[in-house]
Amino acid sequence: MQKVVVLGAGMVGSAMAMDLSGAFHVTAVDMDMKRLDALAAGHPGIQIMRADLSHARTVSRISADFDLVIGAVPGFMGLETLRAVIESGTNVVDISFFPEDPLQLDALARRREVIAVVDCGVAPGMSNLILGHHCRRMKVDSFRCLVGGLPVRRTEPYQYKAPFSPIDVLEEYTRPARLVVDGRTVERPALSEPEPVEFAEVGTLVAFNTDGLRTLISTMDVPNMVEKTMRYPGHIEHMRLLRDTGFFSKEPVQVGEVSIRPLDLTARILFPIWTFGEGEEDITVMTVEVRGEEEGTPRSYRYSLFDRYDPETGTSSMARTTGYTCTAVARLVLGGSFGRHGVTPPERLCEEEGIFEAVLEDLKAHHIEYRLETDPA
């Protein structure tokens with residue numbers, strides 16, 4: 001039986017470890033023994049290992065003993081963790097969503113003959129797969145993705161809970177958003193250009209610019225592309241106030257004898273407020289619109305996702321939609337259906353026939369379904 005190691009046993013990492021256990025020998029690695037013990041108690045087939053994944057040598061040493069690595073560390077650790085895995089010569093599928101360009105590790109991965117699939121979540125991830133799939137079949141003129149992971153219970157003042165590292169969420173609210181407009185890459189401030197969006201299941205949400213296009217900017221020749229994050233109305237104003245006041249700054253400030261980054265303090269304060277409680281329900285909402293010309297005819301495709309917390313398994317919706325996209329691709333790599341060496345973002349997975357359909361089928365088996373509507377553009 002093949003061996004898989006999951007680096008990071010947070011909400012999403014644990015869900016992926018559980019999903020892959022049984023079919024593979026799975027080991028979960030984290031610094032937090034409470035997380036590891038809880039995972040092992042509920043799933044005794046999963047092996048656990050306590051280790052500090054901030055050390056590259058530790059990551060390389062652990063990775064070398066496995067057939068596949070699943071990367072699920074916080075974004076600020078992501079690039080160096082991925083580099084260490086590639087250096088070990090082990091194939092990897094990663095969801096850490098670090099701010100740096102993952103393609104800078106492509107030459108290293110090719111040299112080490114490593115398969116490295118990055119950004120393999122819901123968005124980025126499934127959204128990239130959708131665009132890559134249609135770019136093979138049509139001339140795409142525009143791509144638009146709106147996505148949000150939200151608590152069902154709305155609690156003032158933030159009306160938000162973080163399904164992953166809060167500091168990664170705050171990064172979305174500070175890093176300039178890159179869009180493609182009429183063939184040019186342009187920058188907009190994060191949290192800018194808010195627009196109300198109606199959904200039958202939840203009512204009105206507010207979409208705003210975040211830096212979610214990532215590799216699509218360089219890999220896809222599409223003249224108009226945008227990704228926006230969605231939250232409940234009111235959340236964006238609180239985040240703007242904190243950001244503009246300096247609470248998200250990475251520049252240290254002196255407080256008495258202590259030097260501290262405001263971002264670290266803010267994340268520490270928000271973490272308990274934004275942490276999901278045991279059994280607390282969440283939802284994931286996403287729409288992806290692809291427009292262009294197919295066989296000489298204007299066409300538009302719209303994919304819609306509305307997913308809920310799974311009470312039977314106690315798995316959050318964001319862990320399901322993000323993690324199960326990753327594990328679907330992991331199964332394809334482990335099964336030999338995808339074997340290209342180098343760093344591969346999800347949109348390039350679709351250059352292989354059948355990958356997109358296989359991922360959709362795997363997600364459907366987990367009761368995650370993307371509804372498709374198509375019309376003349």
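Helix α6 (residues 126-135) and helix α13 (residues 355-365) are a good place to start: their axes come within 10 Å and cross at roughly 140°. Please keep in mind that this is a predicted model. An angle over 145 degrees would count as roughly antiparallel, so at roughly 140° the two helices, α6 and α13, are oblique to each other. The crossing of α6 past α13 is left-handed.

Which residues bring α6 and α13 together? From α6 come Met126, Leu129, Ile130 and His133, and from α13 come Phe356, Glu357, Val359, Leu360 and Leu363. By type, the residues of this contact between α6 and α13 comprise 7 nonpolar, 1 polar and 1 charged.

**The whole chain**

Stepping back, the protein chain contains 13 helices and 18 strands. Its C-alpha atoms fill a box of roughly 55 × 55 × 40 Å along the principal axes. How does the radius of gyration of the protein chain agree with that of a compact globule? For 377 residues, a compact globule would have a radius of gyration near 21 Å, and the protein chain has 20 Å, so the two agree.

**An open parallel sheet**

If you follow the strands in the viewer, you can trace an open sheet of 7 strands in the order β3-β2-β1-β4-β5-β6-β17, with parallel pairing. At the edges are β3 (47-50) and β17 (342-344), each of which pairs on one side only. On average, neighbouring strands of this sheet are turned by 20° against each other, with direction ignored.

Within this sheet order, β1 and β2 stand side by side. Strand β1 (residues 3-7) runs parallel to strand β2 (residues 25-30), and 5 bridges join them. One pair to look for is leucine 7, whose bridge partner in β2 is valine 29. Helix α2 (residues 33-42) lies across β2 and β3, and its direction is at about 175° to β3.

**Other strand pairs**

Strand β7 is worth a visit too, as it has both an antiparallel partner, β15, and a parallel one, β12. The table sets these beside the pairing of β10 with β11.

| Strand pair | Sense | Bridges |
|---|---|---|
| β7 (residues 139-151) and β15 (residues 282-294) | antiparallel | 12 bridges |
| β7 and β12 (residues 224-231) | parallel | 6 bridges |
| β10 (residues 195-199) and β11 (residues 203-209) | antiparallel | 5 bridges |

A few residues help you find these pairings on screen. Proline 151 stands opposite aspartate 282 in β15, while phenylalanine 143 stands opposite methionine 225 in β12. For the third pair, look for glutamate 195, which stands opposite alanine 207 in β11. How many residues lie between β10 and β11 in their hairpin? There are 3 residues between these two strands.

As you look along such elements, one general point may help: in a regular strand, the side chains alternate between the two faces of the sheet.

**Around serine 60**

To finish, look at serine 60, which is placed in helix α3 (residues 56-63). Leaving out residues up to four places away in sequence, serine 60 touches Ala84, Glu87 and Ser88. Glycine 89 is 29 residues from serine 60 along the chain, and the C-alpha atoms of these two residues are separated by 8.6 Å.

Technical notes. Residues numbered from 1 in each chain as written. Predicted model: local features only at pLDDT ≥ 70, side-chain atom pairs only at ≥ 80, totals over all residues. Heavy atoms only, no water. Axes fitted to C-alpha atoms, helices over the stretch in contact; angles between N-to-C directions. Helix = DSSP H or I, 4+ residues; strand = E, 2+ residues; numbered from the N terminus. Parallel < 35°, antiparallel > 145°, perpendicular 65-115°, else oblique. Left-handed = near helix turned anticlockwise from the far one by under 90°. Contact = heavy atoms within 4.5 Å. Nonpolar A, V, L, I, M, F, W, Y, C, P; charged D, E, K, R; others polar. Pairing = 2+ DSSP bridges. Rg over C-alpha atoms; globule rule 2.2 N^0.38 Å.
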